[in-house]
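Here's a quick walk through this one, with the sequence and the fold side by side. Have a look at them before reading on.

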Amino acid sequence: MDRERLKAERRERKKYKKHHKALKDDDVGISGKKGVIYVGHIPHGFYEQEMRSFFSQFGTVTRLRLARSRKTGNSKGYAFVEFEYEEVAKIAAESMNNYLMFDKLLQCKFVPSEKVHPQIFKGWRRSVIKTNRERWCRLLHNRVLMHIQ
């Protein structure tokens, strides 16, 4: 009897939370879609952690992917940032476009949901492992020499 009562109470709480959240979102005029922006011309030193904290001033950042070189692990200079709401992403893109940061002008553009590729955030949780270029070249050189002998 107690289990059934607990299950019923949980169902009621879930209904209340969903209804309450829907009311809050409708009052503000926010859609449930997530918004994605493209950030280009990113200066050296402005990486994932700094970017996440910087863009969180606009709203909740759900995902962030900074493009990096597979060989060296260095930044390629562009990123995609996903916000919880589409309207927040539009505001962030508009206000951060042509923003001067470390002698570079950031280029920010809102990406419509129909243009967002399903794999745009592939590997966004992967941590960055910088390679030791000297060591890598030395190992490659030694492998080549071993095959010649």
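## The first helix and its charges

Arginine 3 sits in helix α1, which spans residues 2-28. Keep in mind that this is a predicted model. Is arginine 3 buried or exposed? Its relative accessibility comes out at 71%, and the cut-off for exposed is over 50%, so arginine 3 counts as exposed.

Arginine 3 also has company: together with Lys7, Arg10 and Arg11, Arg3 makes up a patch of positive charge on the surface.

## Strands around β5

Strand β5 (residues 104-111) pairs with β1 (residues 35-40), and the two run antiparallel with 5 bridges joining them. One pair to look up here is valine 39, whose bridge partner in β5 is cysteine 108.

β5 also pairs with β4 (residues 99-101), again in the antiparallel sense, over 3 bridges. Here methionine 101 stands opposite lysine 104 of β5. The hairpin of β4 and β5 leaves 2 residues between the strands, and phenylalanine 102 takes a positive phi there, near 50°.

## Positive phi in the loops

Which residue has a positive phi near 60° in the loop between β1 and α2? That's histidine 41, a residue other than glycine, and the α2 that follows its loop covers 48-55.

Asparagine 98 is another non-glycine residue with a positive phi, near 60°. You'll find asparagine 98 in the loop between α3 (86-96) and β4. With a relative accessibility of 45%, asparagine 98 falls between the 20% and 50% cut-offs, so it counts as partly exposed.

Technical notes: Residues numbered from 1 in each chain as written. Predicted model: local features only at pLDDT ≥ 70, side-chain atom pairs only at ≥ 80, totals over all residues. Heavy atoms only, no water. Pairing = 2+ DSSP bridges. Helix = DSSP H or I, 4+ residues; strand = E, 2+ residues; numbered from the N terminus. Patch = residues over 30% accessible without salt bridge, like charges linked within 9 Å, V, L, I, M, F, W, Y side chains within 5 Å. Areas by Shrake-Rupley, 256 points an atom, 1.4 Å probe, with all protein chains shown as cover. Salt bridge = Lys/Arg side-chain N within 4 Å of Asp/Glu carboxyl O. Lys, Arg positive; Asp, Glu negative; His and termini not counted. Charge placed at Lys NZ, Arg CZ, Asp CG, Glu CD. Buried < 20%, exposed > 50% of the residue type's maximum accessible area, 1.4 Å probe, protein only.
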